[in-house]
Structure formats: C-alpha cells, structure tokens
Amino acid sequence: MHSAITILGKGLDEHISKVMVSIIGELEWPVVLKEIDAGKGKIGYLYSRHDVAMQLRMITERLGGIGYPFDEGDRNRTMSSYGGILRIFRKRWAHNDEFSHFEASHLLDTVRIVMTHIGDVARAEEVAALHAGLVDELVNDTVDTGAESEQKLKHAHDEDTWPDQFRLVTTCQGMGDWNKGAKTPAREPGLQGFRSASHETVWEPWEVSVMGVQEDLDRLRTKAAQQNARAIIEVIVDTEAPIHAERLARLVGNAFGLKRVQRDRVKSILHQVTKSDVVKDNDGFVWAKNVDPQRWLLYRSCGEGLRAFDDVSPVELANAIVAVLTNEGSLDLDALRYAVMNAFGRKKTSKTVTDHFKRVWLRR
C-alpha cells in the first residue's frame, strides 16, 4: 500500500500545483489550506505539499470562495468523489491498519482512476501493474473470502438502490448547483477569497462514501471492522465538525450501506467514537482533536430541510447570535431568534428550534 500512496502523492502534487498556479501564482498551494484553517480554529497542522492528507483535502474540500476548482466542469465530481474514498484509505494506512485483499484492490483501483482522470498515464500504469500483481496473489490464495463482500459492496455503491431520504444526505438542499460560482473570477493571483471576510460560511455535508457492508457493522468486535469504522469516523469529523454524535453514527452506518441506522447500531458505533482520534464535548458534539472550539468563530448556513436545527452545535449557534447582533444591533428576543433562524436558512419556527435557541441564549 505504501507504493500506491507514494504514487498518488507524487501525481496529486503535480496536478494540484498545475491547477492552482493561475489562482495563487507562485505561492505553494499548502498556504491555501493554512489560510482557510486559520478561520476555522484548526491548529497543529504541518502544511507540506508532499503530505497526501493535505493533497486529498485540497481536492475534496471547498476552497473558500473559489469553490471546487478540481471538479470544475465535471458534473460527476470525479476528484472529490474518489478523493473522499482515498481520504478514508489514507487514514487507515497512516494508522498502520491491516488491509484485506479486497480492500487493497479497492484502494489501488481508486488511485488508478484518479491518475487516469488527471491524465497521468505513466502513474496510472504503475498502479495498474500493482493491481495485477495483487490479483495474481489473490487467485493463488487457497481461501477466497473476498468475493461475497465484493458483490455486496458493489451493490452498496449503486445509488439507485438508496431511498430519496438517504440520497439527500449528500446534498445541501437549497444551495442550487453544487458548484455554482466556483469558477475563479478574473483577479490577480493571491490568497484573496480563501478566508471568509465574515464569520458565515457554507455548511458542507460529508458526501457518503460506501466503504463496507452491513455485515462489517455486525462484526464490530473484530479488529479490521473497528479500524475501518474509526477511519470513517475521523474523516466525517474532519469534514463536518462540530457534528452531533448521533448524526455522526448515522453517517457511519450509511458508509456501511445501511439506509436506516437502528439504536443498537448507533450505540455500537458511538463506542468506536470514544476510541477514535476525536473529542466529544459536553453537548454531545464531536470535534477533531486539532480544533480549538474557543477559536472556532464560524456559523454555517444552508438551505432549509437538511440539517436539523438541534444538529447545530451550541458553539456554532452562539457564533450566529453574535454575528446577527453585530450586524443588526439590539434586537428583542423574538426578532433575534427569527434572524438567527434565517441565518441557517430556516423560515418556520418549531418547538425544537425555540428550545434549542433558548438553551444557548440562557448560557450567555
């Protein structure tokens, strides 16, 4: 797996540099992530262009007002979609996890697809050769345990089998075209547009990457299943934090092909959260360990109908309250509540909205 990750890193660095030169000029592209993270309270990162984790963040995350330059013109979102899968594999590789033959094959095939997509034919052929060697090894193995799981995982990737409410998880309803406005405006190269001028940003839901099958969740007592679940947990938290623990558990279940995640499964997944490289606060929200909530000053707007209001962290809700009062001046409590609701794309109130707002307001 080390060879595949090395090939991926060399290919992505060259491609990212090529795409970003017209946007940031001669600056090295890691400064973009450093600028974005400064506004998100993220600390402790080492920003290296040779770090595959940084490369995969570049191709999968919204780069401020620039949007998704690596998916521009691609309705299939090839880079961010396959990049999301590779982020999970890289997490596992970094943790020295063990890979089954099928998982290794999945990784190699994904790297090959990405290298082919960016036009790096030589590296795509290198990975194809590694994949062929793995297939030969698998054929010579006297016990084939991967065929049944491969068929189930293939079925799990078929989005036509997912109900509408599951498919909605991958879309920020109300935002319109996913990459609207992502085309880089004409301007001098530099870092303008990568850090928000205000504390408002766009909520980016984690795009479900199916990385296992239901039976894996049934076997969460095995080392391999636990390693896979923890890597998925950490990648989701990297993307959505602060995220409510139960939403996190539902998304992990989705990543194992489940359409609905029952309470017993939520409980078993949450047990893995406690063993992952994340932190759960007293309000039940999960953060990456390298994020300081005291320095996280953002609130994330989105269209109505996707993120439940009580899935908004009290920290984030308090940030929205401060932003509204800063912009509007003194407001009575009802007017403030409606303004904050609007900041999160909501027009109708409910008991859930009112109660959650009051809980945060009374803490001030």
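Select Asn-96 to begin: at 67% relative accessibility this residue counts as exposed, and its place is in the loop between H4 and helix H5 (101-117). Bear in mind throughout that the model is predicted. The backbone at Asn-96 deserves a look, since its phi is near 60°, a positive value in a residue other than glycine. As background, most residues other than glycine have a negative phi.

Next, go to Arg-77, in the loop between H3 and H4, where phi is again positive in a residue other than glycine, near 50°. Is Arg-77 buried or exposed? With a relative accessible area of 17%, Arg-77 is buried, because the limit for that class is under 20%. Show the side chain together with Tyr-68, and you will find the charged end of Arg-77 over the ring of Tyr-68, 5.0 Å from the ring centre. A second arrangement of this kind can be displayed by selecting Arg-57 and Tyr-45, where the charged end of the arginine sits over the tyrosine ring at 5.2 Å from its centre.

Now colour the helices H3 (residues 52-60) and H4 (residues 78-94), which pack with their axes 8 Å apart and at an angle of about 150°. That angle makes H3 roughly antiparallel to H4, because values over 145 degrees fall in that class. The crossing in which H3 passes H4 is left-handed. To see the contact itself, show the side of H3 formed by Val-52, Ala-53, Leu-56, Arg-57, Ile-59 and Thr-60, which meet residues of H4 including Met-79, Gly-83, Gly-84, Leu-86 and Arg-90. Arg-57, already selected for its position over the ring of Tyr-45, is thus also one of the H3 residues that meet H4.

Keep H3 on display and add helix H1 (residues 2-24), which packs against H3 at an angle of about 45° with the axes 9 Å apart. The two helices are therefore oblique to each other, and their crossing, too, is left-handed. On the H1 side, select Ile-5, Leu-8, Gly-9, Leu-12, Asp-13, Ile-16 and Met-20, which meet Val-52, Gln-55, Leu-56, Met-58 and Ile-59 in H3. Val-52, Leu-56 and Ile-59 appear in this contact with H1 and also among the H3 residues that meet H4.

Move along the chain to helix H10 (residues 223-240) and select Gln-226, which lies in it. With a relative accessible area of 16%, Gln-226 is buried. What does Gln-226 touch, not counting residues up to four places away in sequence? The residues are Leu-220, Arg-221 and Gln-272. A distance drawn between the C-alpha atoms of Gln-226 and Ile-269, which are 43 residues apart along the chain, comes to 9.1 Å.

From there, go to the loop between H10 and strand S2 (243-244), where Pro-242 is found. The peptide bond to inspect runs from Ala-241 to Pro-242, and it is cis, with omega near 0°. For comparison, most peptide bonds are trans.

The next stop is the aromatic side chains, of which the structure holds six pairs. Start with Trp-287 and Trp-296, whose ring centres are 5.7 Å apart and whose planes stand at 90°, so the pair is edge-to-face. Both partners can be checked for accessibility: Trp-287 counts as buried at 3% relative accessibility, and Trp-296 is buried with a relative accessible area of 4%. Then select Phe-357 and Trp-361, a stacked pair with 6.4 Å from centre to centre and 5° between the planes. These two residues lie in helix H15 (residues 351-363), four residues apart, about one turn of the helix, and both are buried. A further selection, Tyr-299, Phe-309 and Phe-344, shows one aromatic cluster.

End the tour at helices H13 (residues 314-328) and H14 (residues 333-343), which pack at an angle of about 115° with their axes 10 Å apart. How do H13 and H14 lie relative to each other, roughly parallel or roughly perpendicular? They are roughly perpendicular, as follows from the angle, and H13 passes H14 in a right-handed crossing. Show Leu-317, Ala-320, Ile-321, Val-324 and Leu-325 in H13, and against them Leu-336, Ala-339 and Val-340 in H14, to see the residues that meet between the two helices.

Technical notes. Residues are numbered from 1 along each chain as its sequence is written. This is a predicted model: local features need pLDDT of at least 70, side-chain atom pairs count only at pLDDT 80 or more; totals for chains, interfaces and linings use all residues. Side-chain values use heavy atoms; hydrogens and water are left out. Rings of Phe, Tyr and Trp (its six-membered ring) pair if their centres lie within 6.5 Å; planes under 30 degrees apart count as stacked, over 60 as edge-to-face and the rest as tilted. Buried means under 20% relative accessible area, exposed over 50%, partly exposed in between (1.4 Å probe, protein chains only). A charge sits over a ring if NZ of Lys or CZ of Arg is within 6 Å of the ring centre and within 35 degrees of the ring normal. Axes are lines fitted to C-alpha atoms, for helices over the stretch in contact, and angles run from 0 to 180 degrees between N-to-C directions. Angles under 35 degrees count as roughly parallel, over 145 as roughly antiparallel, 65 to 115 as roughly perpendicular and the rest as oblique. A crossing is left-handed if the near helix is turned anticlockwise from the far one by less than a right angle, and right-handed if clockwise. Contact means heavy atoms within 4.5 Å.
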